[in-house]
Every structure is written in C-alpha cells, then in structure tokens.
Amino acid sequence: MACRIKLPDGNFKEFESCPTALEAARSISSGLAEKAVAVLVNQNPELRDIRSVLQNGDQIEIVTAPSEKSLEVIRHSSAHVLAQAVQNLWPKVKVTIGPVIENGFYYDFDTDKNFTPEDLDQIEQEMKNILKQKYELKKEIWPSEKACLYFEQKGELLKKEIIEGLEEKEVSIYRQGSWLDLCRGPHVQHLGQIGAVKVLSQSGAYWRGDSSNKQLQRIYGTAFHTEKQLKVFLKKQEEAKQNDHRVLGKKLNLFYFNELSAGSPFFTPLGARVYRSMQKFLEEKYREYDYQEVITPQIYHSDLFKTSGHLSHFSDNMYAVSDQDKESGDQEFFLKPMNCPGHCLLYKKDRWSYKNLPWRVADFGRLHRREPAGALQGLTRVKSFCQDDAHVFCRLDQLSQEIQKGVQMLREVYKVFGLDDYKITLSTRPEDRMGEDSLWDKAELALSSALEKLNVPFEIQKGEGAFYGPKLDISVRDAFDRSWQLGTFQCDFNLPRAFDLSYVNEEDKEERPVMLHRAILGSLERFFAVYLEHCKGRYPAWLAPVPTAVLPLTDKEKDFSLNIKKALEKKGIICKIDDRNEKLSYKIRESQNQQIPYMLVIGKKEVQSQSLSVRLRTGELFSNLQPEEFFKGLEREIQSHSLSSFLIHPQSKKGNSY
C-alpha cells in the first residue's frame with residue numbers, strides 16, 4: 001500500500017510502504033540522513049526515534065545534529081555510554097535508570113561502591129574510548145518475559161522491576177556493541193554523533209526517590225556537539241559556582257541559617273531591604289492590576305484541609321500542630337502550606353454576583369512545608385517561605401482575559417528584573433483528572449487563546465496538567481544558561497467545587513466560579529537566590545540594600561558628607577558614610593566588595609565647589625556633578641526600577657552591569 005509523508009515545506013513524498021523516519025530522510029538526501037538523530041511527527045514536540053515507522057499522512061521534521069533540539073537525544077545516548085563505561089570498569093555494578101535532565105543527564109547505579117573523583121576521571125576516559133568505536137545503536141523489540149529473564153539472570157533486579165511495572169507485552173532494547181539496556185529511546189544512529197562528553201559529579205540517590213528504598217549511586221554528566229560548546233558550558237558552570245547564592249549571601253551579609261530552625265532562613269537587615277524592595281515592587285503591580293491584598297491565618301483546623309483535599313494528597317508535606325483543649329478535647333491543626341483554601345473561605349463569606357467578578361486577591365502570608373533534610377538547599381529549597389501568591393475568582397467567560405492580564409503583568413515584572421529569556425509551557429489534561437471534558441476544553445482553550453492573543457510562543461506538554469485543571473508553567477533562563485521554573489497559572493475547578501463556591505449569574509441562578517492560581521516570582525526566597533546569582537550580587541540601585549555610600553577623605557569633609565547623606569535620605573534613598581580613618585583606596589575597595597552601586601567621594605575640591613565626584617562599582621568616575629542633579633537622576637533611576645545607571649549612556653555596553 002502506498003504511503004504519503006508530508007515534509008515541512010508542505011510537499012509530499014510517496015513510498016511503496018510506510019518507511020522509517022531514517023528512510024524518509026535518506027530519500028530526501030544522504031546528507032540529511034547522515035546528520036539525522038530524531039524526528040518530530042505531526043508537530044508533536046516530543047522527539048521520536050529516527051528508527052520509528054511512520055504512518056500514511058504523517059507530517060515530519062527531521063531533527064539533525066548540531067541543532068539545539070538534538071541535544072536531548074545526544075545526552076540520552078550519552079547516559080547509555082556512561083552506564084556501559086561503568087560496567088566495563090566494574091562488571092558487578094548494576095544499572096537502573098539514566099534520564100536526560102537540564103543541561104545533561106545522570107545514571108543511577110545499584111552498588112555498594114562509593115565512586116571517588118579518581119573513579120569519575122576513569123569513567124570519563126572509558127566513555128571517550130567507547131565513543132571512538134562509533135558503535136551503531138540497534139533497536140530490538142523483546143517480549144517482556146524474555147527481558148525480565150535476561151535482567152534477572154544478570155542480577156539486574158531493579159531493571160526487572162521496571163519492566164514488570166510497565167505491564168507491557170513487549171519492551172524496546174537498545175544495543176551498542178556487546179552492551180545493551182532497556183530503553184524507550186530515542187537514540188542517535190551511532191556514537192559518532194556524540195561530539196563531547198564530560199562526567200561532572202556523583203551523589204547518593206534513593207530508588208524511585210523514596211528514602212525507604214535502597215540507596216543508589218548517581219553519576220551526573222553532560223554532552224555537547226563539540227568540545228568548544230562543552231568548554232563554554234564548563235566555564236559558565238565554574239562562574240555559577242563562584243556566584244552561588246550561599247556564597248554571595250554570606251559575603252554580602254544578606255541571610256543566615258541556624259540549625260535550631262533548619263531550612264528556615266533569617267534575613268539580615270541588608271537582606272530584608274532587598275526582600276522588602278521586591279515585595280514593594282509587586283505591591284505596586286497589584287495596585288496597577290486591581291488586586292486586593294489580604295492577610296490570612298497561619299494555622300487552620302484539619303477540617304479545612306480535608307475539604308480542600310490537601311490532607312489526603314499533601315499531608316506528608318504539612319506540619320501538624322496538636323491542641324489539647326479541656327472543653328473540646330484534642331484537636332489537630334496544621335500550619336498552612338498554601339494560601340488557596342484560606343482564600344476560598346474569604347470568598348465564601350460573601351454573596352457574589354456575576355457583576356462583582358473577577359475578584360483578584362493577593363497574599364504575602366508565610367507558608368510552611370515539611371521538606372526532607374537532604375532536600376534542603378540554601379534559599380532554593382526551604383521549609384518556611386513566602387510567595388507572590390494570588391488567586392482570581394472569575395466566570396469561565398472571563399478566564400481568557402484574566403490569563404492575558406496575568407501574563408502581561410508577568411512580562412512586565414520579568415522585564416524589570418532583566419529576565420527576558422523564558423519559556424512558557426501549557427500542560428493539558430492528565431488521564432487521572434476530575435471534572436467534565438467540556439470544562440477542560442474551555443479551560444485549555446482559554447489558556448492557549450490568551451497566549452496567542454498576546455503573541456506569546458508556548459510549548460504543549462500533553463497530559464502534564466494538575467488533576468484539577470490545565471496550567472501554564474514559566475521557566476526562566478539565567479545568566480549562566482540555567483533554567484528555573486518560577487511563575488505559574490493554574491485553572492482550578494476542584495477547590496470551588498469542594499468549598500461549594502458560587503455566584504449569581506444573569507438569570508439569577510447560582511453558578512460555580514473558576515479559580516485561577518497565579519504566581520509570578522513564585523517563592524520569594526527562591527527568587528531571591530535565583531536573582532542574586534543571576535546578577536552576581538550586583539543589584540540595581542532600586543534593589544540594592546545600600547545604593548549609595550559617601551566616602552570623605554578626611555574629617556574636614558565630614559559636615560558636607562553628612563549634608564549629602566541627609567539630602568539623599570530625605571528622598572528615601574539609603575546612604576551610609578564611611579568615615580573610618582582609612583585610605584580612600586581601601587574604602588573604595590570595601591564598597592566595591594559590598595556591591596554598592598554609587599560611591600560619592602568627598603575631598604577638599606568637592607567641598608569648595610559644593611560638587612560630587614561619583615564612582616560606580618565598576619570603576620567609572622564622574623566628576624564635578626551638582627548634588628541636586630545627581631539626587632534627581634538617582635531618584636528617577638530608582639523609581640523607574642532601572643537596571644542601568646542614569647550616568648551611563650543608554651547605548652553603553654555596560655548599561656546593565658554597573
């Protein structure tokens with residue numbers, strides 16, 4: 001039977017029978033086939049194996065090296081190379097799983113061996129030896145029973161457990177040389193398509209992420225098309241390590257942790273200024289977009305979380321608080337892990353009309369979640385935190401417009417922070433979900449149409465939505481090319497139903513509202529860490545804990561320096577005077593180390609001329625500035641939340657790094 005395959009340009013290729021994607025590529029050109037590593041079918045963003053058999057009418061896009069899309073496949077195959085290298089060196093080590101992650105991959109090994117840095121070097125060298133062989137990766141389909149028996153005989157009992165959990169009659173096996181592994185793919189044609197590999201680190205990991213299971217050894221690695229790309233990546237990694245927020249936080253005296261409250265950060269006076277400046281900026285946006293701020297309780301009776309469903313789905317992450325009351329007996333309360341149930345109580349206390357909606361409510365209340373000690377990681381994973389959390393209660397016909405407003409607000413916020421490189425993903429209905437398909441149709445359409453109207457590109461992740469509704473996730477890429485999931489928009493039909501929320505529609509009948517969960521920065525603690533690393537501690541003046549420092553040369557300039565400090569503080573600009581008996585060069589170096597944006601150097605000449613000499617932390621010097629002009633310029637810079645100094649020409653390359 002003839003088979004027609006549609007190409008990206010809209011033309012068709014005809015085959016006597018349905019070809020593999022590789023055969024289709026070869027029919028176009030031998031050069032295309034040589035570079036091919038995967039295929040996209042019918043505009044589905046999920047990469048498929050180049051060996052996949054196509055169906056009549058399929059539209060294809062051949063993914064080739066060295067495209068960005070092909071990196072996922074190259075890294076997946078590199079994980080297999082890592083596993084083969086480990087078993088070549090230590091045959092008794094058992095393999096488990098090896099997925100692709102952001103910027104690389106890892107593989108978990110079942111072994112009592114603790115890998116050393118010297119072992120990692122040896123593994124990397126063995127990987128390079130394997131790559132030189134340019135083994136072809138051959139895909140084989142085995143009956144599940146055969147695969148189980150094979151891995152059981154090898155002692156790969158966890159691999160056998162994976163196969164049994166699939167409940168499939170057949171599984172796919174990929175073979176490279178004499179080594180093979182269970183895998184769905186996709187994989188490169190041959191190992192010669194992998195340009196450069198690097199073993200990065202090792203750590204412990206529990207089987208299936210459950211601490212009650214066996215502990216495994218995890219080895220991380222990465223792969224690129226070329227050695228040059230790998231070197232660029234490693235340089236960024238080293239720079240990111242030097243700018244780790246825990247290092248910068250200690251150096252700049254911004255926050256602190258104590259074992260007596262593990263996982264709950266203390267913000268110093270300097271760190272609190274940054275934190276409050278972020279919060280104040282968001283409050284300004286709330287007023288602009290007609291959000292109403294509320295304050296809700298920290299502790300709730302367990303009945304609240306029974307109603308919301310969190311007690312049955314989220315209790316392991318919640319802190320219980322017992323209350324022994326003589327009259328009512330023992331009762332169980334919980335510290336709130338999220339604000340949404342409390343906001344439902346606030347909504348429910350009033351009677352709502354369709355004319356009163358939407359209601360946009362925001363809450364900076366502290367949240368508490370139980371996190372395993374091993375999962376805590378500075379400010380990026382904590383037990384106590386605050387979100388720029390908001391919920392919109394609206395009619396279904398208002399949902400698209402509310403999402404548009406929310407995304408527009410998000411774009412404006414991210415622009416202020418200079419985070420312009422982000423990706424939006426629309427996660428659609430999962431198999432295990434609640435609610436009628438008609439509601440899901442409307443909600444998914446509302447999300448996608450809102451983005452399309454704003455001309456915002458997005459990707460679709462089928463089946464990855466929450467059980468209560470579809471969602472948008474926003475992943476931001478930082479200065480070190482790392483991706484952070486920050487913002488989210490989630491459509492919720494579950495909580496309005498659970499709390500029996502309603503409004504009176506145009507026909508004077510009760511109808512249920514839709515609840516839109518919305519966060520832009522997400523956890524303020526996590527964003528604090530992400531942005532601190534992104535800007536390498538060099539906060540713009542509006543966010544800097546100390547934007548200005550006055551540096552008098554001697555005591556003779558003290559009075560003029562005090563007048564300058566008072567004038568700045570009168571305009572709400574924080575200023576400190578460094579009047580220590582130290583050399584000017586030392587004071588400047590100290591201020592630069594503290595990342596103070598503006599240093600006002602006051603000497604005899606400045607006092608006589610009643611002018612300022614202003615030094616930026618990057619070294620630029622501006623002399624003979626009139627104080628009032630400087631005050632006004634800095635005030636405008638701070639009020640506009642500018643990333644660059646008003647003293648630097650807008651076209652300057654240093655415009656956002658002063």
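This passage describes the aromatic ring contacts of a predicted model. Residues are numbered from 1 along each chain as its sequence is written, local features need pLDDT of at least 70, and side-chain atom pairs count only at pLDDT 80 or more. Totals for chains, interfaces and linings use all residues, while side-chain values rest on heavy atoms, with hydrogens and water left out.

Rings of Phe, Tyr and Trp (its six-membered ring) were taken to pair if their centres lie within 6.5 Å, with planes under 30 degrees apart counted as stacked, over 60 as edge-to-face and the rest as tilted. By this rule the model holds 35 aromatic pairs. In one pair, F267 and F528, the ring centres are 5.1 Å apart and the planes stand at 55°, so the arrangement is tilted. Because F267 belongs to strand β15 (residues 266-267) and F528 to helix α16 (residues 524-534), this pair ties together parts that are 261 residues apart in sequence; helices (H or I, at least four residues) and strands (E, at least two) are DSSP runs, numbered from the N terminus. F528 is buried, at 1% relative accessible area, whereas F267 is partly exposed, at 23%; buried means under 20% relative accessible area, exposed over 50% and partly exposed in between (1.4 Å probe, protein chains only).

The rings of Y414 and Y422 have centres 5.4 Å apart and planes at 75°, so this pair is edge-to-face. Y414 is buried at 0% relative accessibility, and Y422 is partly exposed at 24%. One aromatic cluster consists of F281, F417, F527, Y531, Y539 and W542.
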